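The following exercises concern salt bridges and internal space in a protein model. Each task is followed by a solution in steps.

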Amino acid sequence: MRNNLNPLPAIRAIRNIGILAHIDAGKTTVTERILYATGATHKRGEVHDGNTVTDFDPQERERGITISSAAVSCGWEGHRINLIDTPGHVDFADEVERSLRVLDGAVTVIDAVAGVEPQSESVWRQADRHGVPRIVFVNKMDRAGADLDAAVASVRERLHPVPLVVQLPLGAEGGFRGVVDLVRMCALVWTDGGDSADVVPVPDDLRARAAARRRMLEEAVAERHPGALEEFCARETLTAATLDAALRELTRTGDGVVVLCGSAYRNRGIEPLLDAVVAHLPSPLDVPAVRGTYEGAEQERTADPAAPFAALAFKVNATGTGRLTCLRVYSGTIEKGATVWDATAGRTERVGRILRVQADRQTPLERAFAGDIVAVVGLKGARAGSTLCDPGAPLLLEPPGAAEPVVSVAVEACRSTDSGRLASALARLTEEDPSLGVRTDAETGQTLLSGMGELHLDVAVERLRRTHTLDVRVGRPRVALRETVVRGVSGAVYRHVRQDGGAGQFAHVVLDVEPVAGGGGFSFRSAVVGGRVPQEYVRAVEAGCRDALAEGPLGGHPVTGLRVTLTDGATHVKDSSEAAFRTAGRRGLREALRACAMRVLEPVAEVTVSVPEVAVGGVLGDLAARRGRVSGQAVRAGTAQVTATVPLAELFGYATRLRGRTQGRGTFTTRPAGYAFAPAPGAGPASEAGTGARPAPARR
């Protein structure tokens with residue numbers, strides 16, 4: 001997989017970028033217009049018509065949103081742009097995370113009316129964590145209420161970068177017809193139906209305003225770039241070449257963010273956006289070398305096609321032509337038919353075909369070089385996050401981070417004969433989308449499908465029905481309840497006598513039952529003296545008591561949190577046996593539990609909620625309505641963190657409710673916190689431990 005070719009100029013002309021934004025900010029429309037402007041498509045796709053290139057999944061077209069990241073490729077001014085259109089809904093944030101892991105730059109799309117929206121904040125922070133340089137495109141300048149200055153102010157206040165505005169809009173709202181380029185001090189005007197802009201002088205009525213904005217841009221750049229500052233001090237102005245070079249450096253270091261504007265729907269502002277992508281965002285040669293490990297030692301791989309091959313799989317799709325694995329090639333060259341080493345799984349794989357991806361369409365390639373994003377067919381075990389490398393130069397790259405699922409539903413096949421197909425389909429879903437989780441609850445027997453939100457799960461279940469042609473039932477997951485002893489009994493006597501002819505069964509036991517402090521576990525001990533019950537029978541009594549714990553008297557739930565003491569007993573010289581004493585222990589404890597005061601326990605979780613400080617009141621009220629008990633609260637940098645213990649049954653649907661109360665800006669994590677008393681029948685949610693405890697009805 002080494003190659004004597006040296007296509008470094010081609011690598012320098014690659015731009016691996018993503019389109020990031022809040023839902024409905026216009027990401028997919030921007031992507032469609034980029035494909036149209038570059039000649040990759042010959043017709044403008046529209047989200048509302050369901051004919052876009054990147055939203056090719058039937059559910060995406062029906063719902064009008066992006067559900068999964070889609071990669072496309074196009075060319076502009078001698079450069080290859082590998083572009084990933086990412087989802088904007090918070091339920092699919094993990095798709096964004098996996099994409100950002102392999103991107104070198106990004107375009108953040110902002111709605112000119114709404115400004116920075118909650119999910120825009122989230123994806124911006126994700127890009128911050130990965131160190132991805134960005135430029136901002138303020139979209140929908142033709143809408144009523146569009147305001148570039150207000151949108152830029154929201155970028156400054158909520159995202160905290162230094163916005164470097166390089167354009168001024170020509171016209172407002174429905175009259176938006178173009179932009180003034182503040183770097184070259186000319187105007188770009190689009191006509192209705194025109195595919196490209198006419199370059200004209202700055203209109204007379206905008207010259208003074210454009211000159212003032214140009215001055216502001218020069219001062220902002222000179223303040224942050226030493227070379228620009230030197231020229232600014234010497235000449236009191238900056239040339240277009242100096243501005244371009246400084247903007248490029250400030251973008252790549254993150255010290256500034258270039259801001260452009262336009263209307264993707266009306267195809268205005270796309271060509272300058274493409275120019276900015278090429279001019280300001282980095283190529284694979286401009287980003288730091290990727291780091292990995294092998295046998296505990298850290299290694300670096302540069303974007304050199306002659307170096308040993310190393311790539312990261314970031315997406316797996318099952319298509320009609322086979323299993324498609326999307327790769328970011330970090331170093332080396334890969335050719336069709338090559339054997340690679342899956343360093344994550346520890347196995348070799350053979351690359352059947354290499355493809356240039358265009359959403360749901362592909363073009364075959366003979367080879368792929370460092371810096372490129374391609375798809376391969378033929379890998380059997382590689383998953384999102386797998387490292388593929390040269391077998392002679394092993395390397396393990398850090399995989400994308402995966403968030404823990406926060407919402408679960410129970411799924412089952414409507415026909416018992418489909419159970420095996422359902423298991424296979426769920427395995428396929430989790431292979432394609434690592435943010436989904438599947439497990440079988442050991443106690444309830446339910447198959448639980450977990451994800452990042454209710455929309456996420458709804459999409460997954462619909463895929464089971466459509467793609468895998470399965471008829472499934474979906475329900476709220478049952479929680480695993482327990483029963484415990486609140487007040488015990490002493491001297492509970494049980495005599496087991498059975499005579500059916502021949503050898504009979506005889507066992508006599510006396511049991512004390514008491515609650516255990518802390519309410520967990522089960523313990524058994526013998527206080528029998530004088531050898532009235534031999535040791536082998538004592539063990540049988542303990543085994544019988546453990547059998548009895550499987551079903552409690554209140555609702556058939558497992559019993560926990562008690563101590564049983566065998567205080568006395570009697571045997572028969574012929575009829576006593578281990579089986580007889582095990583039966584006596586089981587039945588004796590069941591009767592004793594009916595005489596005890598019992599309570600039902602429900603699982604609880606410790607929930608940590610992070611929300612803007614202004615939303616704390618609503619969040620606290622909602623937690624109280626869910627029978628949550630707040631245990632801590634802190635505020636740092638305008639973000640409040642609330643910790644509470646909440647019954648697990650009350651957390652179903654909480655992700656959606658929290659997002660609604662906080663405009664999508666609230667997040668939460670959970671961890672199991674044991675069990676707590678469930679409300680007694682007829683009692684309020686605040687009932688205490690002893691309230692409602694009652695003895696179970698005794699059996700004669």
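**Exercise 1.** In this predicted model, determine which parts of the chain the salt bridge between D286 and R248 ties together.

*Solution.* Step 1: the side chains of D286 and R248 meet in a salt bridge, at 3.5 Å from N to O. Step 2: D286 is located in the loop between helix 10 (270-280) and strand 12 (290-294), and R248 in helix 9 (residues 240-253), so the pair ties together parts that are 38 residues apart in sequence. Step 3: the relative accessibility of D286 is 30%, and that of R248 is 25%. Buried requires a value under 20% and exposed a value over 50%, with partly exposed in between; D286 therefore counts as partly exposed, and so does R248.

**Exercise 2.** Locate the partners of the salt bridge between D547 and R582, and classify each by accessibility.

*Solution.* Step 1: the closest N and O atoms of D547 and R582 are 2.8 Å apart. Step 2: D547 belongs to helix 13 (residues 535-548) and R582 to helix 14 (residues 578-595), so this salt bridge connects parts that are 35 residues apart in sequence. Step 3: D547 is partly exposed at 27% relative accessibility, and R582 is partly exposed at 37%.

**Exercise 3.** Is D111, which pairs with K140, buried or exposed?

*Solution.* Step 1: the side chains of K140 and D111 form a salt bridge with an N to O distance of 3.8 Å. Step 2: K140 lies in the loop between strand 5 (134-139) and helix 6 (148-159), whereas D111 lies in strand 4 (residues 105-111), so the pair links parts that are 29 residues apart in sequence. Step 3: the relative accessible area of D111 is 5%, and D111 is therefore buried.

**Exercise 4.** How many cavities of 30 Å³ or more does the whole structure contain, and which residues line the largest cavity?

*Solution.* Step 1: a search of the whole structure finds 1 cavity of 30 Å³ or more. Step 2: the largest cavity holds about 70 Å³ of space. Step 3: its lining consists of A71, V72, S73, N82, L83, I84, R356, V357, I373, V374 and A375. Step 4: at least two lining residues come from each of strand 2 (70-76), strand 3 (79-85), strand 19 (353-358) and strand 22 (373-377). Step 5: sorted by class, the lining comprises 8 nonpolar, 2 polar and 1 charged residues.

Methods: Residues numbered from 1 in each chain as written. Predicted model: local features only at pLDDT ≥ 70, side-chain atom pairs only at ≥ 80, totals over all residues. Heavy atoms only, no water. 1 Å grid on protein atoms, 1.4 Å probe; cavity = no way out; pocket = protein on both sides within 12 Å on 5 of 7 lines; lining within 4 Å. Points joined across faces, edges and corners; volume = space filled by probe spheres on them. Helix = DSSP H or I, 4+ residues; strand = E, 2+ residues; numbered from the N terminus. Nonpolar A, V, L, I, M, F, W, Y, C, P; charged D, E, K, R; others polar. Salt bridge = Lys/Arg side-chain N within 4 Å of Asp/Glu carboxyl O. Buried < 20%, exposed > 50% of the residue type's maximum accessible area, 1.4 Å probe, protein only.
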